[in-house]
Amino acid sequence: MAFFEWKEEYSGGIMGIDDQHRKIIAIMNELFDGIKLARNEEVVKSVLKELIQYADYHFALEEGLFTRYKYSEESDHIAQHRHFIEKIRTLIIEDYTESRDVALETLYYLKNWFQGHMLKTDMSYCRYFKLRESVAEIDKFIKG
Ligand SMILES: [Fe+2]
Ligand SMILES: [Fe+2]
């Protein structure tokens with residue numbers, strides 16, 4: 001069983017968003033394996049970099065949707081995104097170099113955080129958007 005398994009309950013009903021969440025989960029699994037199996041530090045660091053870059057890309061896309069569809073809960077949501085990115089950064093700077101156990105602990109924290117964010121925070125904007133726009137229109141924007 002993977003460290004972080006996708007579940008149908010995470011789906012907000014917007015395919016483009018679900019796909020990006022799945023990709024973040026996949027990178028987190030790769031990171032978990034890398035740390036757990038004590039892979040070469042450079043390899044782990046490059047997966048960490050990939051996680052930051054992809055999370056940044058995903059968050060920017062969500063934030064773009066908030067502006068486009070005039071979502072009112074955006075400031076709290078954006079603050080949560082920043083928190084996640086900062087936490088990954090501490091993993092790179094402190095935890096990973098400190099010890100593998102601390103790094104794994106942080107990764108469990110990130111997993112729980114992301115699960116909660118998908119289930120609650122992201123779910124509310126999905127509901128809000130779907131009430132106002134067709135899913136096809138939102139997906140078209142996501143895919144650019
Ligand atoms: Fe998200
Ligand atoms: Fe989000």
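Helix axes at an angle over 145 degrees count as roughly antiparallel. With that term in hand, the tour of this predicted model can begin.

**First stop: H1 and H2**

Select residues 15–36, which form helix H1, together with residues 41–68, which form helix H2. The two helices pack with their axes 9 Å apart, at an angle of about 160 degrees. H1 and H2 are therefore roughly antiparallel to each other. Their crossing is left-handed.

To view the contact itself, display the side chains on both sides. H1 contributes Gln20, Lys23, Ile24, Ile27, Met28, Glu30, Leu31, Gly34 and Ile35. These meet residues of H2, among them Val43, Val47, Leu51, Tyr54 and His58.

**Second stop: H1 on its own**

Keep H1 in view and hide H2. The end C-alpha atoms of H1 are 31 Å apart, which agrees with the 32 Å that its 22 residues should span at 1.5 Å a residue.

Next, colour the buried residues of H1: Ile17, Ile24, Ile25, Met28, Leu31, Phe32, Gly34 and Ile35. What covers them? The cover includes H2, H4 and helix H5, residues 135–143. Met28 and Leu31 of H1 are buried, and they also belong to the contact with H2.

**Third stop: the loop after H1**

Move to Ala38, which lies in the loop between H1 and H2. The phi angle of Ala38 is near 50 degrees, a positive value in a residue other than glycine. Is Ala38 buried or exposed? Ala38 is exposed, with 9 other C-beta atoms within 10 Å.

**Fourth stop: H1 against H4**

Now show H1 and helix H4, the latter comprising residues 100–132. Their axes are 10 Å apart and the packing angle is about 170 degrees. That makes H1 roughly antiparallel to H4. On the H1 side the contact involves Ile17, His21, Ile24, Met28, Leu31, Phe32, Ile35 and Lys36. On the H4 side the residues include Arg100, Leu104, Leu107, Phe114, Met118 and Cys126.

**Fifth stop: along H4**

Select the whole of H4, which has 33 residues. From its first C-alpha to its last, H4 reaches 46 Å, close to the 48 Å expected at 1.5 Å a residue. Where is H4 kinked? The kink is centred on His117 and amounts to about 40 degrees.

Centre the view on His117. With 17 C-beta neighbours inside 10 Å, His117 counts as partly exposed. Leaving aside residues up to four places away in sequence, His117 touches Gln80 and Asp122. A distance drawn from the C-alpha of His117 to that of Gly16 is 17 Å, for two residues 101 places apart in sequence.

The buried residues of H4 can be coloured next: Ala103, Leu107, Leu110, Met118, Asp122, Tyr125, Cys126 and Phe129. Asp122, a contact of His117, is thus found among the buried residues of H4.

**Sixth stop: H1 and H5**

Return to the start of H1 and add H5. The axes of H1 and H5 come within 8 Å and cross at roughly 45 degrees. H1 and H5 are therefore oblique to each other. Here Met15, Gly16 and Ile17 of H1 meet Asp139, Ile142 and Lys143 of H5. Ile17 also takes part in the contact between H1 and H4.

**Seventh stop: from H2 to H3**

Follow the chain out of H2 to Lys70, in the loop between H2 and helix H3, residues 74–98. Lys70 is a residue other than glycine with a positive phi, near 50 degrees. With 9 C-beta neighbours inside 10 Å, Lys70 counts as exposed.

Continue into H3 and select Arg82. Arg82 is exposed, with 10 other C-beta atoms within 10 Å. Its C-alpha lies 9.0 Å from that of Asp56, although the two residues are 26 apart in sequence.

**Last stop: Ile92**

Finish at Ile92, also in helix H3. With 16 C-beta neighbours inside 10 Å, Ile92 counts as partly exposed. Which residues does Ile92 touch, not counting those up to four places away in sequence? They are Lys45 and Leu48. The C-alpha atoms of Ile92 and Leu48 are separated by 7.1 Å, with their positions 44 residues apart along the chain.

Terms used. Residues numbered from 1 in each chain as written. Chains lettered and ligands numbered in written order. Predicted model: local features only at pLDDT ≥ 70, side-chain atom pairs only at ≥ 80, totals over all residues. Helix = DSSP H or I, 4+ residues; strand = E, 2+ residues; numbered from the N terminus. Expected span 1.5 Å × (residues − 1). Bend = angle between axes of the 7 residues up to and from the residue. Buried ≥ 20, exposed ≤ 12 C-beta atoms within 10 Å, placed from the backbone. Axes fitted to C-alpha atoms, helices over the stretch in contact; angles between N-to-C directions. Parallel < 35°, antiparallel > 145°, perpendicular 65-115°, else oblique. Left-handed = near helix turned anticlockwise from the far one by under 90°. Contact = placed C-beta atoms within 7 Å.
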